[in-house]
Amino acid sequence: MARPLRLEFPGAVYHITARGDRQEPIVEDDDDRLSFIDLLGKEVSQQGWVLYAFCLMHNHYHLLLETPEPNLVRGMRRLNGVYTQRFNRRHRRVGHVLQGRYKSILIDKDTWLRELCRYIVLNPVRAHLVRDPGQWLWSSYGPTAGLAGCPPWLAAQAVLALFGDTPGRARAAYRRFVAHGIDAPSPWPELKGQIFLGDDKFLAAMTRRTKGINPRAVPRAQLQPLRPSASVIIRAVAHAHNVSPARVLDRSNPEAFKHAVYLLRRIGNLSLSETAARADVSIGRISQIQSELEAAQPDARLTAALSYL
């Protein structure tokens, strides 16, 4: 089975999530919560990480951190391993506490840092555990908002610097920003290649970093984060067929329609259901078009469309 890509480099910023085995709780009481946060603080300090935000929920946790050194795997292995040992020893259990490997998403700091700082601390509110993020004691919101003491290993000042020049104004702006985020859309539809969140420049940089990695070791999509979007593919087909983009998927030009469907699957990596929904045909018809074009001789207009991508 392919393993998730662990791309490490100095200055990388990650959103980390780890969940309980079989969705079971990873904490039973406040002593467990204090134990986890104690270990988190020690590991952040040990590894020299910059921890921007965290939230400990009942059956999972979120971290937003930067690694000045390429040491994510080393630190996460120890954090999760030592916590599992403590939890099992305290509760007289054996076996896994956390489900498989933690999930790490590489973040474009310039574009997404603020939004993910907000997203993480709003988890208890979205889960209807509290009405206000300040009521949840097990996240970075209180220390960052000035509602609780700030541990030395939490980069609250770095977060507040994104919101203002003076502590009072920055905290007020941060609290307003978080409060306005409860109805904000999730960032995850913007995820590319399963583990990259950023603009095209960031994705191009991540693509360069994945070169030379054995493609058998990780899912192919994680090695090719910079794929053309559906709209770019449609424009390329429109150009090759000399029609407007709006006409490509309306089936008035059958060849353009087939080429668009084929490229949405093969180049855009859309699923069968996504492609069928865009083309307003059945999944079976999408598969039929794929098979038909793969068996046919190369088409000059399909080749032309590919040259634009």
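**Exercise 1. Two helices in contact**

Task: Which residues in α12 meet which residues in α13, and how do the two helices cross?

Solution:
- Start with the contact list (contact means heavy atoms within 4.5 Å). Phe257, Val261, Leu264 and Arg265 are on the α12 side. Leu272, Thr275, Arg278 and Ala279 are on the α13 side.
- Sort these residues by type. Five are nonpolar, one is polar and two are charged. Here Ala, Val, Leu, Ile, Met, Phe, Trp, Tyr, Cys and Pro count as nonpolar, Asp, Glu, Lys and Arg as charged, and the others, Gly among them, as polar.
- Place the helices. α12 spans residues 254–266 and α13 spans residues 272–279. Helices are DSSP runs of H or I with at least four residues, strands are runs of E with at least two, and both are numbered from the N terminus.
- Take the axes. They come within 10 Å and cross at roughly 150 degrees. Axes are lines fitted to C-alpha atoms, for helices over the stretch in contact, and angles run from 0 to 180 degrees between N-to-C directions.
- Name the arrangement. α12 and α13 are therefore roughly antiparallel. Angles under 35 degrees count as roughly parallel, over 145 as roughly antiparallel, 65 to 115 as roughly perpendicular and the rest as oblique.
- Add the hand. The crossing of α12 and α13 is right-handed. A crossing is left-handed if the near helix is turned anticlockwise from the far one by less than a right angle, and right-handed if clockwise.

A note on the source: this is a predicted model, where local features need pLDDT of at least 70, side-chain atom pairs count only at pLDDT 80 or more, and totals for chains, interfaces and linings use all residues. Residues are numbered from 1 along each chain as its sequence is written, and side-chain values use heavy atoms, with hydrogens and water left out.

**Exercise 2. A second helix pair**

Task: At what angle do α1 and α2 pack, and how far apart are their axes?

Solution:
- Read the geometry. The angle is about 155 degrees, and the axes are 10 Å apart. α2 covers residues 72–91.
- Classify the pair. That angle makes α1 roughly antiparallel to α2.
- Find the hand. α1 and α2 cross in the right-handed sense.
- Look at the contact. The α1 side includes Asp31, Phe36, Leu39 and Lys42. The α2 side includes Arg74, Leu79, Val82 and Phe87.
- Sort the contact residues by type. Seven are nonpolar, five are polar and nine are charged.

**Exercise 3. The sheet**

Task: In what order do the five strands of the open sheet stand?

Solution:
- Write the order: β2-β3-β1-β4-β5, with mixed pairing. Two strands pair if DSSP finds at least two bridges between them.
- Mark the edges. β2 (50–56) and β5 (196–197) each pair on one side only.
- Add a helix. α1 (residues 30–47) packs on the sheet and touches β2 and β3. The directions of α1 and β2 make about 165 degrees.
- Follow β1 (residues 12–19) to β3 (residues 60–67). They pair in the antiparallel sense over eight bridges. Ile16 stands opposite Leu63, and Ala18 has Tyr61 as its bridge partner.
- Follow β1 to β4. They run antiparallel, joined by four bridges. Thr17 is partnered by Lys103.
- Follow β4 to β5. These run parallel, with two bridges. Ile107 is opposite Leu197.

**Exercise 4. Buried or exposed?**

Task: Is Ile26 buried or exposed?

Solution:
- Locate Ile26. It lies in the loop between β1 and α1.
- Read its relative accessible area: 1%. Buried means under 20% relative accessible area, exposed over 50%, partly exposed in between (1.4 Å probe, protein chains only). So Ile26 is buried.
- List some neighbours. Leaving aside those within four places in sequence, Ile26 contacts Leu56, Tyr83, Phe87 and Val97, among others.
- Compare sequence and space. Ile26 and His60 are 34 residues apart in sequence, and 6.6 Å apart from C-alpha to C-alpha.
- Now take Thr67, in strand β3. At 0% relative accessibility, Thr67 is buried too. Beyond four places in sequence, its contacts include Phe9, Tyr14, Trp49 and Leu72.
- Check two strands. In β1, seven of eight residues are buried. In β4 (residues 103–107), four of five are buried.
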